[in-house]
Amino acid sequence: INNTNCNATLGKYGAACLFDGDGDYITISDSSSLSFTSGGQDQPFSIEAWIYPKAEYGTRGIIEKYEGSGVANREWRFNSRVNGQLAADLFDSSNEDISIGRYSNSTISNNTWTHIAVTYDGSETGIGFNFYINGILSNGANTSAGAYTGMSNTGSRVVIGAIYASSGSGMYANGTIDELRMYKRVLTAEE
């Protein structure tokens, strides 16, 4: 962890990071272990966390490996949307404007602990994503832009609690994130 810019607080289980929505985020140096691609082929993965969003959570970062513009900087992103839905996106290795993704069907409530998870089966399609909110499947619309052919392992760092943190005009988390975990496999609904 390179930059820890959040306040320690009581989490769902022990200590957690409280993000104030105004510039707080955590960075982790680039590592191939934080990429979900191998030889140009997307690989299955899962990301889960407990979150406690404050009022007006909006479009805010949960975790991403995505920094600004350019193919060499965009890989994957998991965030909330302005309407409280979750969103996940993967970015194509050949063109920064090509991506696949999906939204959750349900929304996240403010001022309460919520367990969130996204899984991806490696299929290189938006339908390959599944969202779980408090353990309940919540799949919404698939999204795509262009002819997606797969991610590449970029040199971007991982950022927790922000979208576009490197630009100085990020969309910063406003609430608490706890027990954030990433897996290089698809978790089952029971997990």
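1. A search of the whole structure, which is a predicted model, turns up one cavity of 30 Å³ or more. The largest cavity holds about 30 Å³ of space. Strand 7 (45-53), strand 9 (74-80) and strand 10 (86-91) are the elements that each give two or more residues to its lining.

2. The lining of the largest cavity consists of Phe45, Ile47, Trp76, Arg77, Phe78, Ala88, Asp89, Leu90, Val118 and Phe129. By class, eight of the lining residues are nonpolar, two are charged and none is polar. Anyone placing a probe or a solvent molecule in the model may want this list at hand.

3. On the fold as a whole: the protein chain has 19 strands and zero helices. Among its contacts with a separation of 6 or more, 68% are between residues 24 or more positions apart.

4. On burial and surface: the protein chain has 191 residues, and 50% of them are buried. The chain exposes about 8200 Å², with carbon and sulfur atoms supplying 46% of that area.

5. Histidine 115 belongs to strand 12 (residues 114-120). Is histidine 115 buried or exposed? Its relative accessible area is 16%, and the cut-off for buried is under 20%, so histidine 115 counts as buried.

6. Which side chain makes a polar contact with the side chain of histidine 115? The partner is glutamate 48, at 2.9 Å. Leaving out residues up to four places away in sequence, histidine 115 touches Glu48, Ala49 and Trp50, and also Tyr132, Ile133 and Asn134. Glu48 therefore appears both in the contact list and as the polar partner of histidine 115, a residue that is buried at 16% relative accessible area.

7. Lysine 54 sits in the loop between strand 7 and strand 8 (60-66). Its relative accessibility is 35%; because the partly exposed class lies between 20% and 50%, lysine 54 is assigned to that class.

8. What does lysine 54 touch, not counting residues up to four places away in sequence? The list is Leu18, Asn110, Asn111, Asn174 and Gly175. Lysine 54 can also be paired with threonine 176: the two are 122 residues apart in sequence, while their C-alpha atoms are 8.2 Å apart in space.

Key
Residues numbered from 1 in each chain as written. Predicted model: local features only at pLDDT ≥ 70, side-chain atom pairs only at ≥ 80, totals over all residues. Heavy atoms only, no water. Helix = DSSP H or I, 4+ residues; strand = E, 2+ residues; numbered from the N terminus. Buried < 20%, exposed > 50% of the residue type's maximum accessible area, 1.4 Å probe, protein only. Contact = heavy atoms within 4.5 Å. Areas by Shrake-Rupley, 256 points an atom, 1.4 Å probe, with all protein chains shown as cover. 1 Å grid on protein atoms, 1.4 Å probe; cavity = no way out; pocket = protein on both sides within 12 Å on 5 of 7 lines; lining within 4 Å. Points joined across faces, edges and corners; volume = space filled by probe spheres on them. Nonpolar A, V, L, I, M, F, W, Y, C, P; charged D, E, K, R; others polar. Polar contact = N/O pair within 3.5 Å; in protein donor to acceptor, adjacent residues only side chain to side chain.
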